[in-house]
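Trainee: I should like to learn how pockets and helix contacts are read from a model. Might we begin with the pockets?

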Amino acid sequence: MSDDPETARQIEELAADDRPLLVLDVDDVVLEFIRPFPRYLKSRGFGLTLASFRLTGNIAEMASGRLIEQAEVTALLGDFFDAQADWQSITDGAAEALASLGQRAEIVLLTAMPHKHRAVRRAHLDVLGMNYPLLTTEMAKGPAIAKLRGAKGRPVAFVDDQPSNLLSARSSVVDAHLFHLKADNTLRAFLPPTPDDIISVDNWREAAPRIAGALGL
């Protein structure tokens, strides 16, 4: 898997830190996504039917019933991210958990989104008091996590709602502590069981002590 050069550039800007590392996905881990996104779609004349764990094939134009194609889904997602400050709030328990964990760990947010949305997301997170460093990537997350960790082999934990991102992290950082957390657990029904080395947690109250234990905090 190759690195995203823009993500690498963003990592280079971070101050050196040798504390245990906690890397967090943003959508449906730190910020609500799958609850506000259908409301946003409705405001644009579209409906989301969660019949599988993907957006493409599940979004229809309400007037015609036409299922929209990947390019249209991507465009709607881009519009949503431009307007995210109006729609996305902090997931339940995240602020308190991160405030506690951040006393002894380096926390970095790693979001899979086009780099052009980074400034809007950064501003929104700041307004919400989530002042942790934000990295965007348009490629696999694993190489970015390995680069973030650095050469010293400090403990690493990674939290994401997408199994594919957790598997990417595992392939790049074999000893990373991996946590599968979803803001809305009803979507778990669409996913296969997580592998034994990925810890499924239902919410931040459950996740925080387990992450602290994994990182030795």
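**Reading pockets and a helix pair**

Mentor: In this predicted model, 33 residues line the largest pocket, and those nearest its centre are F33, L55, L77, A112 and Q162. Two or more lining residues come from each of helix 3 (70-82), strand 4 (106-112) and helix 7 (163-172).

Trainee: How is such empty space found, and what volume does the largest pocket have?

Mentor: Rolling a probe the size of a water molecule over the atoms shows where empty space is left. Here the largest pocket has a volume of about 780 Å³.

Trainee: Which helix gives the most to the lining of the largest pocket, and what classes of residue make up that lining?

Mentor: Helix 3 gives the most, with six residues. The lining comprises 13 nonpolar, 11 polar and nine charged residues.

Trainee: What is the volume of the second largest pocket, and which residues lie closest to its centre?

Mentor: The second largest pocket holds about 300 Å³ of space. It is lined by 15 residues, with A16, D17, L148, G150 and R154 closest to its centre. Helix 1 and helix 6 are the elements that each give two or more residues to this lining.

Trainee: At what angle do the axes of helix 1 and helix 6 cross?

Mentor: The axes of helix 1 (residues 5-12) and helix 6 (residues 141-149) come within 10 Å and cross at roughly 20°. Angles under 35 degrees count as roughly parallel, so helix 1 is roughly parallel to helix 6.

Trainee: Which residues meet there?

Mentor: T7, A8 and I11 in helix 1 meet A144, K147 and L148 in helix 6. By class, this contact has four nonpolar, one polar and one charged residues.

Notes
Residues numbered from 1 in each chain as written. Predicted model: local features only at pLDDT ≥ 70, side-chain atom pairs only at ≥ 80, totals over all residues. Heavy atoms only, no water. Axes fitted to C-alpha atoms, helices over the stretch in contact; angles between N-to-C directions. Helix = DSSP H or I, 4+ residues; strand = E, 2+ residues; numbered from the N terminus. Parallel < 35°, antiparallel > 145°, perpendicular 65-115°, else oblique. Contact = heavy atoms within 4.5 Å. Nonpolar A, V, L, I, M, F, W, Y, C, P; charged D, E, K, R; others polar. 1 Å grid on protein atoms, 1.4 Å probe; cavity = no way out; pocket = protein on both sides within 12 Å on 5 of 7 lines; lining within 4 Å. Points joined across faces, edges and corners; volume = space filled by probe spheres on them.
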